[in-house]
Every structure is written in structure tokens, then in C-alpha cells.
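Me: I'm new to this one. Can you walk me through it?
Reply: Sure. Here it is.

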Amino acid sequence: MSSEFEQKLEKYAEVLLKVGLNLQPGQRLLIGGPTLDADGVPLESAPLVRLLAKKAYQMGARLVDVVWGDKQLRLIRFQNAPKDSIEEYPKWRIDARYDISKAGDANLNFTSPNPDLLSEVEPELISQFQTSYYKQMKHVYDLLTSNAFNWLVASVPNDDWADKLFPDVPQNSRKNKLWDIIFEICRINQEDPIAAWEKHNDNLVKRCNYLNQKQYTALKLTAPGTDLMIGLPKDHYWEGGRGTAQNGIAFTANIPTEEVFTMPHKDKVEGIVSTTKPVYYGGCTIENCVLKFSKGQIVEAQAERGEEFILQTLETDEGARSLGEVALVPHSSPISQSGLLFYSMLIDENASNHIALGQAYRDSLKNGKELTDEEFMAAGGNNSLIHLDFMIGSGEMNVDGILEDETTEPIMRNGEWAFDV
Ligand code: ZN
Ligand code: ZN
């Protein structure tokens, strides 16, 4: 008899492979590879990774390979490596992800935050590393943001993360508590998790269909500290839950996911917006941030914490000052209801309406994948090395859609959907 935890871990692995990746017979699967936060999957995820490998082969995978990465080594590098070497990144790790992406095979990555690990490292060094990393990874992210292959980002707990979230819980049960919450928000505790995901994905697709049919020319977001008009490009496309990769496989790129999203017109954002949750981004925390937009660009940025990091990030490239994503998430989503801040963008962005500075997803525009960079930008799409999400939603936010003839319709009231599907 396996323990209750082992049974849930099995179900989690199944949801990741069947709903997340929808792994197909004959596909290769790479678990890990470089992400902004880590050089590969954490060593602590080994039991789950082994389970995934076994199940992937049972589902007909041709080859399962793993790129491991220990985040402590990132810190050791920042503290000890020569400063003029920080922009180097091992090419073989990038190649591992590129080969799989280019071939249309599957890639699964974990986020496993270690929120305070880099808190003593100079923000300038981190942002220098990040800019260089994104430049070297651009060809991989180009394939990813155009969904050339089926990919997935999911979570796996680690001790430091659990310590940060639950300092008041006895130390030896913190990681289990984190697992419990991840199982809950990933619908693993439900009778049939895969059926629950199918139903949830269907609902998200219905919301998208409604919004796609409306083709609002702009969204108006209002809340305390926020009065923002977000112009939407012609032929913008809302997506959420399940999407189809260019290899023809219907997959769900994030587990969990609660959002529907599209892209703003990069030149048509006006007004002021205040963040409602801290943002944890590659080792830096940004808190109580206020951004002012004019003609699509940030003209003023202030933050109680992390202001220096934001100002540096805005200098990354031309697109870093404009939006690439706007996403809607009801305030009653299970993640939001947990009341926790996870220090994980994957989870936290699914607790709240959010906007992202930087790169837009090609699929957020009809036929977006067929456009050159110039055509995509001319249509209102943003190109940048960064993609930085800011949570701005709350139970006090109203969202209105503005139609072609300038009439206004409610989309959200007090953080909840204002239309039925
Ligand atoms: Zn999003
Ligand atoms: Zn985003």
C-alpha cells in the first residue's frame, strides 16, 4: 500500500504529463534546462522527476532526459566568480532546451523559489546576469512564445521555500504543508483531477471565446491607485487554459493556471497603475510599485522596494517600457483564496489580474506566428528580452470593455466576472 502522499504525487505526475504536456507516443521529453531562476530542476525534485520519467515511458516517450541545477551554485557563483564573467552562460545547457524545442518535442520545467537566496547580491550584478541570459536564450524563448512545441511550467517544493512561507509551522512539517497546498491549487485533491482540469480548461476557453467575439478596442481598469486604459490591437486573441502547439498537440502551459490573457497594443496604454502584491523576479523583490504610462510607455516608475531593480530593468531594451500582456483572473480563484503570497510568478500571477512588461506572446494576435518581428510590432505587438508580470488585481477592481462604437460593457465588477458563459 502506498501512502496518501505517494498517491497524490502519482496523480500530480499524471496531471503534469497528461493535461500539462499532453505527451504523445514517440516524443522525447526534456525535464529541466535553464530558466531565469535556475540552471535546471532542483535536486530535491528527484523523487518526482523519477516518477515522471517512468510514467512518460509508459505513455510512449522515446527518450526522457533531465538537466539538473542546484540554485546554491548560482549564489556561490555571484559571490565568488570574477565580476567580468557574470555574463557567461554554459552553452550546452541552452542547447539542451533548444534541441528539444526546435524538434517539436516536449519540455517540462519546475519553479522552486528560494526567495531570499540572492538578497545580499548587488541588484546590478543580477540584472547584468539576467540581460545576458535572456540574450543568449532568445532563440529558445522565440520558439516558446510562439508555442512551437508542447511545454509546461509547474511547481515543486523545496525546504527554503517552505521555510519562507510557513515560519510558524514546525520545521519538519513545512514542506508537507507546501505540498498539500500545491496539490489543492492544482486540483489534485479532487475525485478525478484530470476530469476537473478538463472542465476548468473548458470554462477558460468559453471566457476566451466570449472576449474574442467582442473584440473590444480597449480595457478600462479602475481600482484604488489604478486608472488605466489599455488599448487592444485589431485581431487580438484571448487565450487561457488549453492551447495548441505548432506540433499540433493541445497542451496547458502552466499548472496551475486560472488566467485568460491577450496582448495590449504596445503604443496605446495610458494612465496609472498600482501593484497589489509583491513581485519576486529572479532574486529581487518589488513591492508597492506605481507605474505611469503615456503613449504605451512607462514614463514614471516608483516602488517602495526594488525601485533600483525596476529602473535598471526598464533600460534592458526598447520594448522593456511597454506592455506585452494583460490577464484577467477572478479574485475568487483558489490561489487568491489561499491568501498566501508564494514568491513564485507561476502561482502568484494566477491569483490576480496582471499586466506584463516586455515580450508579448505571438498567439495573442490572430496569425501572429506568421508575422515577421517588424509586422508584429506594426500590429501593436511588443518585442523585448524581458517579460515581467505585475499583479494589479483585487476585490476592488472593475474592468470595462470598450467597443468599436465607444459604448462600454462591464467585464469584471469587484474582481469577479460580470458576464456569464
Ligand atoms: Zn499571465
Ligand atoms: Zn506573463
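Me: Among contacts in the chain between residues at least 6 apart in sequence, what share joins residues at least 24 apart?
Reply: 75% of them do. Contact means heavy atoms within 4.5 Å.

Me: What should I know about the model and the numbering?
Reply: This is a predicted model: local features need pLDDT of at least 70, side-chain atom pairs count only at pLDDT 80 or more, and totals for chains, interfaces and linings use all residues. Residues are numbered from 1 along each chain as its sequence is written, chains are lettered from A and ligands numbered from 1 in the order written, and side-chain values use heavy atoms, without hydrogens and water.

Me: How many helices and strands does the chain have?
Reply: 12 helices and 20 strands. These are DSSP runs, numbered from the N terminus: helices are H or I with at least four residues, strands are E with at least two.

Me: Why call the chain as compact as a globular protein of that length?
Reply: Its radius of gyration is 20 Å, close to the 22 Å that the globule rule gives for 421 residues, so it matches a globular protein of that length in compactness. The radius is taken over C-alpha atoms, and the rule is 2.2 Å times the number of residues to the power 0.38.

Me: What percentage of the residues count as buried?
Reply: 58% of the 421 residues. Buried means under 20% relative accessible area, exposed over 50%, partly exposed in between (1.4 Å probe, protein chains only).

Me: On to the metal. Which residues are the protein donors of the zinc ion (ligand 1)?
Reply: E259 (OE), E325 (OE) and H354 (NE2), lying 2.0 to 2.2 Å from the ion. Donors are N, O and S atoms within 2.8 Å of the metal (3.2 Å for Na, K and Ca); water is not among the atoms, so sites may look incomplete.

Me: Where do E259 and H354 sit in the chain?
Reply: E259 is in the loop between β9 (250-251) and β10 (260-262), while H354 is in strand β16 (residues 354-358). They are 95 residues apart. Both E259 and H354 are buried.

Me: And how far is the zinc ion (ligand 1) from the zinc ion (ligand 2)?
Reply: The two ions are 3.4 Å apart. E325 coordinates both.

Me: What about E258, buried or exposed?
Reply: E258 is buried, at 7% relative accessibility. It lies in the loop between β9 and β10.

Me: What does E258 touch, beyond neighbours within four places in sequence?
Reply: Its contacts include R187, H200, L328 and N350.
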